[in-house]
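Colleague: Please take a close look at the surroundings of the ligand in this model. Then set that part in the context of the whole chain.

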Amino acid sequence: MRPAAASKPPASKHRSMAAGLTLQFLLSVDHLGQLPDSRAEVAVIGRSNVGKSSLVNALAGRRDLARVSKTPGRTQLLNCFDLGGGATLVDCPGYGYAVASKSARSAWQARTEQYLRERPQLAMVLALVDGEVGPTPLDLDMLDWLRGHAIAHAVIATKHDKVASSVRPRRRRELAAACRLAGSDVVWVSAAKGTGLDRLRGLVALWVAIDAD
Ligand code: GDP
């Protein structure tokens, strides 16, 4: 397994992504055969309410892009966004919906897990964890599962602005330790305040080599 996102992207890529990734909604699919042709992909996963849609919107610098992933009929699908340069961002269904029946939940879980395990183009999984509440048992199960299948992933802690500045150093240490990572391996972001977004955009660009010739 590759380590999480500690390295800093080159300055040129970092700058070119600062205004927002050029994300365009492509399509929603319910099995792997329908996925668009893609050179490289990043997947975004997290439990419902972790801030996944807000982050996808913020990465694109748009307010409503990821609304599509929340429209009825699409919440259980893999929602694909063109990143440019032949790369795709795949917004995976939120896990842990209390309202879903057990059978429905396992159907979309199986689909997402199959995608994460079998897609050769998948370069990196952004595993979102709520920075305010820390990793839930479900999040830790998911991280164990990713590790167990040697799937490259980076832990992204959301809602940085919701953590009081006085407790941030301790919270950073605690959240990383709970995820069995070093503090510097967790990327902290705030979709609301913009914290960490340029860095994450640069990392995404690096992972899918958007600027590659
Ligand atoms: P999703 O279900 O994972 O797609 O989560 P959403 O993006 O819909 O966010 C869930 C809730 O968290 C919403 O009320 C958002 O406004 C809130 N939220 C998401 N990101 C942030 C953030 O960076 N800061 C704050 N303060 N709230 C956030």
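**The ligand shell in its fold**

Modeller: The secondary structure of the protein chain comes to six helices and seven strands. This is a predicted model. Along the sequence, the elements run α-β-β-α-β-β-α-β-α-β-α-β-α.

Now the ligand. It is surrounded by 16 residues. Gly51, Lys52, Ser53, Ser54 and Ala192 are the closest of them. Helix α2, residues 52-60, gives the most to this shell. Its share is three residues. By character, the shell divides into nine polar, four charged and three nonpolar residues.

Next, the loop between β2 (40-45) and α2. Asparagine 49 sits there. Its phi is positive, about 80°, although asparagine 49 is not a glycine. Is asparagine 49 buried or exposed? Neither label fits: it counts as partly exposed, because it has 13 C-beta neighbours inside 10 Å, and a residue needs 20 or more to be buried and 12 or fewer to be exposed.

A second positive phi belongs to lysine 159, again a residue other than glycine. Here the value is near 60°. Lysine 159 lies in the loop between β6 (153-158) and α5 (168-178). Lysine 159 counts as buried, because 23 C-beta neighbours lie inside 10 Å.

Then the interior. The largest nonpolar core holds 57 residues. Val42, Ala43, Leu126, Ala127 and Ile156 touch the most other members. Take valine 42. Leaving aside neighbours within four places in sequence, valine 42 is in contact with Leu89, Ala123, Met124 and Leu126. Its other such contacts are Val204, Trp207 and Val208.

The chain as a whole has 213 residues, and buried residues make up 41% of them. Consider contacts between residues at least 6 apart in sequence: 77% of these join residues at least 24 apart.

Last, confidence. The mean pLDDT of the protein chain is 87. Of its residues, 85% reach 70 or more. Over residues 5-16, however, the pLDDT is below 50. Beyond near neighbours in sequence, that stretch has 17 contacts in the model. Where pLDDT is low, predicted coordinates should not be read in detail.

Methods. Residues are numbered from 1 along each chain as its sequence is written. This is a predicted model: local features need pLDDT of at least 70, side-chain atom pairs count only at pLDDT 80 or more; totals for chains, interfaces and linings use all residues. A residue is near a molecule or strand if its C-beta atom, placed from the backbone, lies within 6 Å of it. Helices (H or I, at least four residues) and strands (E, at least two) are DSSP runs, numbered from the N terminus. Ala, Val, Leu, Ile, Met, Phe, Trp, Tyr, Cys and Pro count as nonpolar, Asp, Glu, Lys and Arg as charged, and the others, Gly among them, as polar. A nonpolar core is a set of buried Ala, Val, Leu, Ile, Met, Phe, Trp, Tyr and Cys residues joined through C-beta atoms within 7 Å. Two residues are in contact if their C-beta atoms, placed from the backbone, lie within 7 Å. pLDDT is the predictor's confidence in each residue, from 0 to 100.
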